[in-house]
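Subject: Handing over the structure

Hi there,

Here is the structure I promised to pass on to you. Have a look at it first, and then read on for what was found in it.

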Amino acid sequence: MGRLSILAEGLASHVVTEAYPKAPAEVPEGFRGRPRIDGGRCVGCGACANACPPNAISVRDEGGFRVVKLFLGRCIFCGRCADVCPKEAVVITREFELASLSREDLSQEVRLALARCAVCGRPYATLREVRDVASKLPEGLRPLAYLCPDCREALAGKYVVIGRGL
Amino acid sequence: MSAYNQLPTNVMDLVFILPVLLCIASAITSALLKRGLAARALISALTSVASATMVGVAVARLAFGIEIRLSLSVRPAYGNSPIPWPLSSVSFAVDGLSAFFTLMLGLVSLAASIYSFSYLEGIEKEYGLRSFGPNYSLFIALMYLVLTTQDLFWFIVFWELMTLASQFLVSVEHRRGAAVRAGLKYFTLTKVLAEFMIAGGIAVMILGLPKPVTSFQGVALSLHALALSRPAVAVTAVSLMLAGLAVKVSLIPLHSWLPDAHPEAPSNVSALLSGVMVKIGIYMMFRLLLYFLRPSLGFGAAVACVGAATLVYGTFMALKQVDSKRLLAYHSVGQLGYVALGLGACVTLLSTSPPHPVLAAVAGFASLYHALNHSAFKSLLFLTAGSVERVTGLRNLNLLGGLGRAMPLTAASALIGSLAISGVPPLNGFVSKWLLYASTLTAGGFLTACGFAALFISAVTTASFIKYYTTLFGRPSRVRLSGVREVPAPMLAGQAILAGACVALGLAPTLAWRAAAPALTSLGLPTSALSPAPLLGLRVPGVALNSPLLIAALMLPTAAAAAALLKGRLAGGVWGCGATPPPERMAPPASSYYEFFEHEFPWVYRVGEALHHAFVEAPSKALPKLLKGLQNRFETPSPMAGALGYVLAALALGLTIAFAAGVIRP
Amino acid sequence: MSGSAALAVAGAAAANAAFALTLAPLLDGVERKVRARVQRRVGPPVLQTWYDLIKLYRRGFFGLRGCGPFHRAAPALAMGAAVTASAILPTVTGFGAGFAGDLIVLIYLMASVSTITALGAASSGSPYGVVGGWREASLSMASELALAAALAAIACGRGSLLLSSLFPAVRLGAGFRPSSVVAVAAVALVAYADGLRLPFEIPEAEEELAEGVAVEYGGAALALLKHATLVRRLLLTSLLLNLAFPWGWASPVVRAAAFTASLTLESVLCSLTESVCGRGRPAYVMRLLKRVTLASGVALIAACFGF
Amino acid sequence: MQRASASDVVEGVVREALPGGRGGVVGRPHEGAVLVRVSRRFLKEFVKRLIKGFGRRGATVRYSTGVATDYRPVDGSFRMAHVLAVDKLKTYLIVEADAPPPHPRIPSITPELPAAGWAEREAADMVGVEFPGHPSPGRLVLPEGWPEGVHPLRKDFPYDRKLGVAEALEGGTYVRGFSSPSPHSPGVEGRPTALIPLGPYHPALHEPEYFEIFVDGERIVGARYRGFFVHRGMEKLAESRMTIDQVPFLAERICGICGYTHACAYCQAVEAAARIEVPERALYIRSILLEIERLHSHLLWFGVAFHLLGFETGFMAMWRVREAVMRVAEALTGNRKTYGMNLVGGVRRDIDVRRAAAVVRMLDEVERGFKEFCGHALKLGEVVERVRGVGVLSREDAVKLGAVGPHARASGLAIDVRVDHPYAAYGFVDVEVPVRDEGDVLARILVRYEEVLESVRLVREFLRGMPAGGLRAEVRDLPPLRVGVGATEAPRGEDVHYVVTGRGNTLYRWRPRAPSYMNIPTVPVMLEGERLANAPIIIASIDPCFSCTDHAVVIDVRFGVRRPLKALVGGGGPLG
């Protein structure tokens with residue numbers, strides 16, 4: 001008889017209700033929770049902003065600074081930002097209890113000083129990114145890194161002899 | 001009038017005559033005035049006073065034991081009387097039974113007459129009061145006479161005249177084919193079957209004793225003698241009379257006229273028809289089965305079973321109706337089933353061996369009490385239905401609705417009526433049903449089965465009136481109704497009287513008991529059957545107990561206390577699931593209501609349909625074949641119509657009386 | 001009767017009413033716990049139903065504008081009827097206001113709870129309310145059929161309708177009638193069905209009719225309806241207990257305890273049954289009721305012939 | 001290569017169906033698809049001949065989806081693409097017809113293929129192509145009161161344009177329901193009907209949908225459906241400001257339950273359009289996740305079904321079993337729903353040995369729990385009673401209305417994308433497709449019952465057969481204006497995504513068509529003549545996914561698309 005066995009099984013087996021929120025809830029490793037930007041590693045390249053499907057990450061320059069802003073209100077926790085970040089500055093944590101009364105708690109900002117062009121003095125990229133690029137360039141070409149793209153082109157057009165340096 | 005007449009001597013006799021005189025006055029004046037406010041006022045006033053007087057007469061008997069006897073006869077000093085006996089003398093007496101039914105009549109006709117004042121406007125405008133006024137007044141007067149005469153012959157005469165008057169009242173709106181057809185059907189059916197009663201009556205009057213007798217006492221003796229000498233004849237005669245009465249009481253299978261006639265009549269008339277006239281049959285059945293005849297198991301069982309069958313059938317048919325007055329009419333059939341069941345049970349319980357006089361008395365009282373209650377709440381319901389029709393011009397419950405706000409007082413009285421007929425304690429319908437159960441359920445045998453049927457059917461009644469009330473006054477109407485407002489004061493007054501009666505009879509059953517006790521004693525039933533319980537309650541010693549007032553005392557304060565919690569705001573309109581369909585489309589039509597139950601219990605209705613076809617459809621189909629030409633005449637709106645009706649009826653009636661008078665020779 | 005006696009009885013009646021009013025929601029809480037356990041959940045606290053009711057009672061009236069005054073009054077009237085019935089029927093104390101009425105009165109009072117509810121619901125123009133209303137009425141018609149037969153059988157056997165002489169209906173020894181056993185069994189089933197338990201819970205079918213009869217009620221009105229329904233359910237059970245077993249054997253205290261215990265036990269059993277039932281399709285429900293009616297009908301016939 | 005030859009047959013039929021062998025261009029956009037462009041004058045005739053032609057070869061033509069596209073910026077015309085599925089020949093046949101502005105008119109093919117009704121009405125709403133000869137024209141998607149002549153999916157309609165309520169209401173009043181009068185009159189004489197609104201907000205519907213039910217008592221004499229209340233404007237969004245690698249995350253949010261299948265269908269469409277070869281391991285992983293999704297979706301549905309039957313214990317039991325699936329999904333994808341796994345060209349995460357083991361454990365648990373409980377539950381009198389012979393959909397109606405998925409299979413239609421148009425790794429295994437002929441709710445329950453067990457088996461098989469290899473193919477710039485059709489067998493049936501690639505790895509046109517889009521039109525047919533009490537379970541029996549169906553709807557009249565966020569959150573409730 002179906003009913004009796006349902007009854008019996010129900011009463012025989014243990015209760016499955018969880019204690020959460022009284023007790024913390026388990027999430028597996030690899031769980032995609034709140035993304036955090038490591039201000040120490042971020043170079044403000046904006047790759048994450050480009051990849052972010054819901055435009056949760058925005059990048060804008062203001063007053064000599066580049067501001068990378070992550071707003072969790074829009075975040076869909078897909079983790080694309082972490083995928084595309086060249087510096088592994090974005091980490092996907094396992095936090096999921098994000099409910100909050102203040103909007104501020106839902107956003108993170110990273111401010112990075114901008115480098116100014118050695119020639120025209122225009123801010124064109126973050127200092128950290130410039131240094132990073134410079135460190136990768138061969139000795140001879142390094143100064144180029146400190147120029148804004150336009151000046152670089154102009155200069156390059158005049159002087160650069162490939163492989164020789166200035 | 002000849003000088004030899006023995007004139008009424010004391011004042012009570014005058015009081016007794018007064019209603020008749022008033023009614024005649026109203027008849028004449030209305031016939032003369034034809035139309036106009038004065039005419040209406042006169043009819044209403046005179047009939048009201050007449051009714052009030054009837055109540056007085058009844059109360060005088062029931063409360064103070066003043067029994068009016070009055071006999072008029074033409075007795076010349078020398079030679080033969082110009083008028084042959086039995087036409088030459090008539091005697092009246094208000095004994096217990098008569099008084100009880102007279103009370104009923106007075107109550108209802110009082111309400112109906114007051115109600116008429118405003119209600120008649122419509123009829124007056126369209127048809128004038130020439131036909132309505134006289135018939136209405138005489139109808140009341142004749143019912144009064146039928147109830148109070150102590151002479152079977154005259155009973156028959158008045159009975160026939162009453163039928164005649166009522167028939168014209170049914171088809172008073174002679175421009176409506178339905179009304180005329182209904183009246184015609186009613187007249188033919190009752191007339192044809194009345195002949196049975198007359199035949200039976202005559203047999204009883206002439207065959208029992210060497211000399212024919214017409215007075216009730218004489219008839220009792222004669223019938224007794226007949227039962228001893230020629231039992232077969234006696235049984236046949238009584239059966240014939242029962243059949244003739246059953247058609248008025250509209251017990252199945254003889255009910256087919258009622259669901260047509262009552263809706264078509266003007267509502268104040270419907271109230272009288274349903275409230276009083278049908279019960280006059282019950283009155284005569286009481287006399288016949290308990291007074292003329294020694295209680296016999298056969299007749300008792302027959303009446304009880306027919307009653308049970310009637311209440312089941314009538315109520316189930318009512319459950320399906322979508323015409324407000326037709327629904328009420330079918331409920332009249334059902335409720336009269338209750339009354340008949342009570343009577344039958346009473347007779348049965350007296351004739352079993354050993355007899356149970358106590359239970360019998362309870363059953364008899366239940367029957368009388370329910371008859372009284374029914375005339376209160378059913379007349380009330382008919383009046384409210386009339387008010388609705390008056391305001392909206394509609395009787396179709398599929399379309400009507402939402403009148404609760406515009407007509408709060410009518411709604412309230414309709415609610416009281418509905419709850420009363422559904423037997424919701426502590427209203428009157430409940431108490432009489434309770435008595436019926438008390439006497440039947442505990443009796444054993446087939447009576448218990450009948451009682452079970454009654455108990456079940458009262459749930460069906462409730463369902464039916466949930467539909468009736470909510471479709472009229474609850475859910476929004478399905479058509480646009482314009483100019484809906486509360487009806488004028490006289491109509492409200494009429495309704496209020498009956499609503500008050502419903503409450504009073506419910507809360508104080510001892511009143512009803514007082515009223516019915518003389519009737520029961522006059523029928524030789526023990527009044528020790530019931531003893532008063534605390535607070536006007538009733539107790540059947542060792543069997544049942546009920547004190548409505550106490551229940552009310554428990555119920556209403558609690559409800560009031562609970563209602564105190566219900567202070568607060570009203571949300572908007574009906575929740576349309578977030579969509580916004582028009583409310584009148586969302587309101588379910590009456591036809592939808594018990595489609596569910598119908599779908600689950602189809603057999604109930606298949607049986608019902610079969611019965612309905614056999615006893616309602618078939619006759620009303622056969623009828624036109626019988627009276628084709630006549631009917632065409634009737635349906636053509638012409639002054640001829642009325643006249644023809646009168647001629648026909650007078651003819652039939654004259655024949656009857658002549659025949660009767662001819663047969664009954666000294 | 002003398003004043004003191006009257007006072008005593010009045011006290012008893014009051015006690016019974018209070019008992020029914022307080023215990024009914026508690027029992028519902030217990031049932032929710034039981035069902036939750038069968039579903040392997042913790043479930044709400046036992047007092048949850050009471051918490052809900054109190055919250056709602058505080059809210060005052062939420063209801064429709066413009067569908068007659070009766071719609072608004074109905075919950076209160078229903079509650080009135082329920083309380084009155086609970087005063088008449090002996091529950092926690094042996095004697096209720098039995099002097100106010102007999103079995104028929106009791107049945108009618110209980111029936112009028114659902115009648116009034118249906119009237120009020122159908123007065124609101126809400127299609128769900130009306131459908132719920134006519135389902136309520138149809139269901140009570142169907143169960144009335146069974147109940148009427150069973151009670152008729154019992155009453156016929158006892159030759160009385162007085163609670164005092166009907167309780168208990170089943171008497172061993174001389175007064176024993178087999179029909180009464182069947183009848184009481186039928187009453188048990190009707191009590192289950194008329195208590196609107198699954199699979200019979202069709203008037204308020206939440207997933208179909210959005211609470212049906214209660215759809216247009218909110219706040220205190222809703223609370224009153226729910227509370228009255230719970231009281232009615234408790235009364236049906238108590239009626240069954242009174243019919244089935246003798247209770248006069250013990251001291252008032254023991255009796256009260258025993259009665260409460262068996263009420264609780266009964267509702268635990270009911271909720272266990274409910275927890276493994278779905279809501280029947282109306283046809284199915286009606287068929288079950290027809291079977292019950294058949295049983296009680298047999299009992300009735302037997303009783304008519306004196307068995 | 002059996003598949004290629006099948007498409008050859010299709011091409012053959014198409015060529016001989018072309019009027020006078022001319023008037024059309026035939027091509028192969030990608031494997032398993034044939035494209036033909038005919039002049040709109042010939043369209044009706046052509047479709048007629050197609051049906052005949054395939055009929056001669058014993059194949060039926062099933063209308064899959066219809067896409068109207070505003071090609072004015074490209075070649076100055078509008079284009080309607082009817083995607084017909086020839087399941088027997090494992091091919092999608094895309095029939096295109098052009099219509100010039102300013103008043104694009106294309107003859108309706110609904111008389112030939114009734115299932116095309118909604119697609120054409122939607123095209124009329126969103127792109128403004130008219131379909132003369134449509135039997136039941138009228139708004140499908142846009143709300144009543146939306147101004148005439150404003151067609152949101154036209155390229156000249158900016159995606160972030162806010163259409164204020166005031167402006168929207170110019171065209172009339174905004175009613176949540178029908179503006180047209182109801183077909184069933186109040187019925188003064190005879191047996192009149194009452195209107196019972198089921199939805200938009202009803203406990204039985206866990207999403208805003210509106211069924212107008214006309215009852216006589218409790219007998220349903222007729223029903224009407226009005227949906228598309230869940231306005232999210234996804235197509236516009238994707239075509240306007242997203243790249244192909246972002247869209248999967250939008251696509252999977254079309255539905256809160258079967259999101260992953262949408263992501264897959266989308267990726268398949270793009271991969272097909274761009275001829276991207278996806279590594280085999282990725283295909284296996286996709287298949288595994290698809291089946292896991294089917295598991296949790298069906299279990300959820302069983303729960304809901306029991307809930308609607310008033311059988312709460314069953315509801316709880318099913319969802320308890322489902323919980324195990326959700327846990328595994330979380331372990332596999334990092335998210336309780338199977339979200340965030342797909343990119344064009346492959347998948348983002350591997351299923352390593354440990355996770356595989358977890359999956360196997362889950363499978364055992366689910367199989368046992370599910371079998372055991374349903375074994376008992378489907379014995380319960382009142383439960384079975386309520387679904388047997390209820391809400392019958394005849395095979396004919398199923399074909400006519402183009403029903404798909406378990407719904408169709410319960411009416412005797414043996415169609416299943418996994419078999420008819422193999423995708424992901426389904427080509428490498430053989431799939432058992434349960435079919436029943438009763439066509440009632442019980443049949444739908446039993447079909448899904450079988451499918452749950454089949455999914456368990458399939459996942460086991462995939463785990464066994466999963467080859468080593470890469471997870472994602474390299475994706476370079478896609479060629480523009482390539483057409484691709486991607487289809488998956490979602491838990492509710494065929495899910496079709498139609499894609500036209502744009503410049504710079506964007507989309508020129510993207511139209512997802514959820515399975516419920518084809519199944520919902522069958523509901524009114526099933527409701528007619530039923531008892532009111534059965535309405536909820538009948539509606540639920542197709543497992544309707546309303547948010548899937550409505551996803552495409554344009555800017556919400558009530559709110560307007562203020563935040564892209566609005567477009568991304570949301571998704572299905574328990575019923576979808």
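Let me begin with chain D: of its 576 residues, 61% are buried (a residue is buried if 20 or more other C-beta atoms lie within 10 Å of its own, exposed if 12 or fewer, and partly exposed in between, with C-beta atoms placed from the backbone). Please keep in mind that this is a predicted model, where local features need pLDDT of at least 70 and side-chain atom pairs count only at pLDDT 80 or more, while totals for chains, interfaces and linings use all residues. Residues are numbered from 1 along each chain as its sequence is written, and chains are lettered from A and ligands numbered from 1 in the order in which they are written.

Chain D as a whole

Chain D holds 21 helices and 13 strands (DSSP runs numbered from the N terminus: helices are H or I with at least four residues, strands are E with at least two). Take the contacts in chain D between residues at least 6 apart in sequence: 70% of them join residues at least 24 apart (two residues are in contact if their C-beta atoms, placed from the backbone, lie within 7 Å).

Its two domains

Chain D is assigned domain 1 (2-139) and domain 2 (234-568); such bounds come from an automatic or database domain assignment. Taken over C-alpha atoms, the centres of domain 1 and domain 2 of chain D are 26 Å apart. Domain 1 of chain D brings 23 residues to the contact between them, and domain 2 of chain D brings 26 residues. On the domain 1 side, β2 (33-38), β3 (62-70), β4 (78-86), β5 (91-99) and α4 (117-126) of chain D each supply at least two residues. β3(D) gives the most to that side, with 6 residues. By class, the same side of domain 1 of chain D has 14 nonpolar, 6 polar and 3 charged residues (Ala, Val, Leu, Ile, Met, Phe, Trp, Tyr, Cys and Pro count as nonpolar, Asp, Glu, Lys and Arg as charged, and the others, Gly among them, as polar).

A sheet in chain D

In chain D, 3 strands form an open, antiparallel sheet in the order β6-β7-β8 (two strands pair if DSSP finds at least two bridges between them). β6 (194-198) and β8 (219-226) of chain D are the edge strands with a single partner each, so one side of each has no neighbour in the sheet. β7 (residues 210-216) of chain D pairs with β8(D) over 7 bridges, in the antiparallel sense. Across from Phe211(D), in β8(D), is Tyr225(D).

Strands in chain A

β3 (residues 65-71) and β5 (residues 107-116) of chain A run antiparallel and are joined by 7 bridges. Arg66(A) has Leu112(A) in β5(A) as its bridge partner. β5(A) also pairs with β6 (residues 123-126) of chain A, antiparallel over 3 bridges, and there Leu114(A) is partnered by Thr126(A) in β6(A). β5(A) and β6(A) form a hairpin with 6 residues between them, and Gly121(A) in the turn has a positive phi of about 75°.

Between the chains

Where chains C and B touch, 72 residues come from chain C and 70 residues from chain B. α5(C) gives the most to the chain C side, with 16 residues. That side of chain C has 47 nonpolar, 19 polar and 6 charged residues. The contact of chains A and C takes 9 residues from chain A and 8 residues from chain C.

Enjoy exploring it!
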